[in-house]
Amino acid sequence: MAIQSVGVVGAGQMGNGIAHVFALAGYDVLLNDVSAEAMVKAVATIDRNLERQVGRGKIAADDKAAAMARIRTTERIEDIARTDLVIEAATENEAVKNRIFDSIVPHLGPDTILTSNTSSISITRLASRTDRPEKFMGFHFMNPVPVMQLVELIRGIATDEPTYRALVDVVERLGKTSASAEDFPAFIVNRVLVPMINEAVYVLYEGVGNVRSIDESLKLGANHPMGPLELADFIGLDTCLAIMNVLHDGLADTKYRPCPLLVKYVEAGWLGRKSGRGFYDYR
Ligand code: CAA
């Protein structure tokens, strides 16, 4: 079945980026969130980011207008269920994701593919609660979605080949590159990236370096586009902690122990850019 319409659940930084790239690639996009305000904000962000692409000569003004016209928002989860491909992009919390899938499943058409943009949670476990584990996949975009080339594709134990093939084709139509990862905690990118960030927080915690020296060291010494602490603020410290917890619980190895300083920042509500304060102050 050719995929034409896409339902995105969650209008946060991942959800708006996903809606952006699908609309630009010609898909009809329906964006859903429990917060009407978040949807208004998401559409404004998409508009701004498309405008940035127009300004840099990446896309034409007409492409922007066409993409914006393909995006609609809805507060009704039933509407989302009627699309060809559902992408859950809510917060990195298994209970929240399960609640979303529970509410969508009764309304789904027989052919709809269900996916999660989870950055670490077991696809097999998420799929097992739905009515269609064979049509369920991990569909992991990187932030900022309009810029990052990679999409990780994760098959659960029951995912069938046509579903996998359909998503490979979708990624190609988006102009991105897919990488296939097995269903183990945090898959490939975050299995490597987030422990590196956690290690940088330990380096700060132990006083080996300060925020600026740690970030400068990795930027200038390893050619990373962002330092690890700046990147943590960008991803969200709550997301980084959630991923470390999944690695620690799922792989039962102390090398994945979340740094106590990361835990403390999250407890303080210092979540990075989105809350105005993390390792840096954005206020
Ligand atoms: N939408 C559209 N375009 C955007 C954009 C957005 N949200 N953000 C940046 N851009 C574009 C800019 O317009 C610019 O375009 P040109 O190349 O045409 O000039 C380009 O991206 C670079 O942006 P800037 O010049 O503003 O800034 P920069 O050079 O400092 O790059 C960055 C910004 C792309 C974010 C870069 O710092 C970077 O690559 N950082 C690392 C990002 C990263 O590692 N992401 C993965 C996070 S992990 C993850 O996502 C997985 C997970 O589950 C946690």
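In the predicted model, G10 is in contact with G15, D33, E88, A89 and A90, leaving aside its neighbours within four places in sequence. G10 sits in the loop that joins strand 1 (5–9) to helix 1 (13–24). Its surroundings are crowded enough for a buried assignment: 26 other C-beta atoms lie within 10 Å of G10, and 20 or more are required. G10 is therefore classed as buried.

G10 also appears in a UniProt annotation. The unreviewed entry marks a "binding site" that covers G10, A11, G12, Q13, M14, G15, D33, E92, K97, S119, N143 and K274. Two contact partners of G10, namely G15 and D33, are among the residues in that annotation. The unreviewed UniProt entry also places a domain, "3-hydroxyacyl-CoA dehydrogenase NAD binding", over residues 6–182. Across residues 6–182, the chain is 43% helix and 21% strand. The end C-alpha atoms of this stretch are 24 Å apart.

K97 is another residue listed under "binding site" in the UniProt record. K97 belongs to helix 5 (residues 94–104). Because 23 other C-beta atoms lie within 10 Å, K97 is buried. Apart from residues up to four places away in sequence, K97 touches E88, A90, S116, T118, I121 and L126. E88 and A90 are also among the contacts of G10.

Beyond the annotated domain, attention turns to a helix pair. Helix 8 (residues 189–205) packs against helix 10 (residues 228–235) at an angle of about 120 degrees. The two axes are 9 Å apart. An angle of about 120 degrees falls outside the range of 65 to 115 for roughly perpendicular and is not over 145, as roughly antiparallel would need. Helix 8 and helix 10 are therefore oblique to each other. Their crossing is left-handed. Helix 8 contributes M196, I197, A200 and L204 to the contact. Helix 10 contributes P228, L229, L231 and A232. By class, the contact comprises eight nonpolar residues, with no polar and no charged ones.

F184 lies in the loop between strand 8 (177–181) and helix 8. With 15 C-beta neighbours inside 10 Å, F184 counts as partly exposed. This number lies between the limits, since a buried residue needs 20 or more and an exposed one has 12 or fewer. F184 and L247 are 63 residues apart along the chain. Their C-alpha atoms are separated by 9.0 Å.

How values were computed
Residues numbered from 1 in each chain as written. Predicted model: local features only at pLDDT ≥ 70, side-chain atom pairs only at ≥ 80, totals over all residues. UniProt positions renumbered as here; feature names shortened; annotations may be inferred. Helix = DSSP H or I, 4+ residues; strand = E, 2+ residues; numbered from the N terminus. Contact = placed C-beta atoms within 7 Å. Axes fitted to C-alpha atoms, helices over the stretch in contact; angles between N-to-C directions. Parallel < 35°, antiparallel > 145°, perpendicular 65-115°, else oblique. Left-handed = near helix turned anticlockwise from the far one by under 90°. Nonpolar A, V, L, I, M, F, W, Y, C, P; charged D, E, K, R; others polar.
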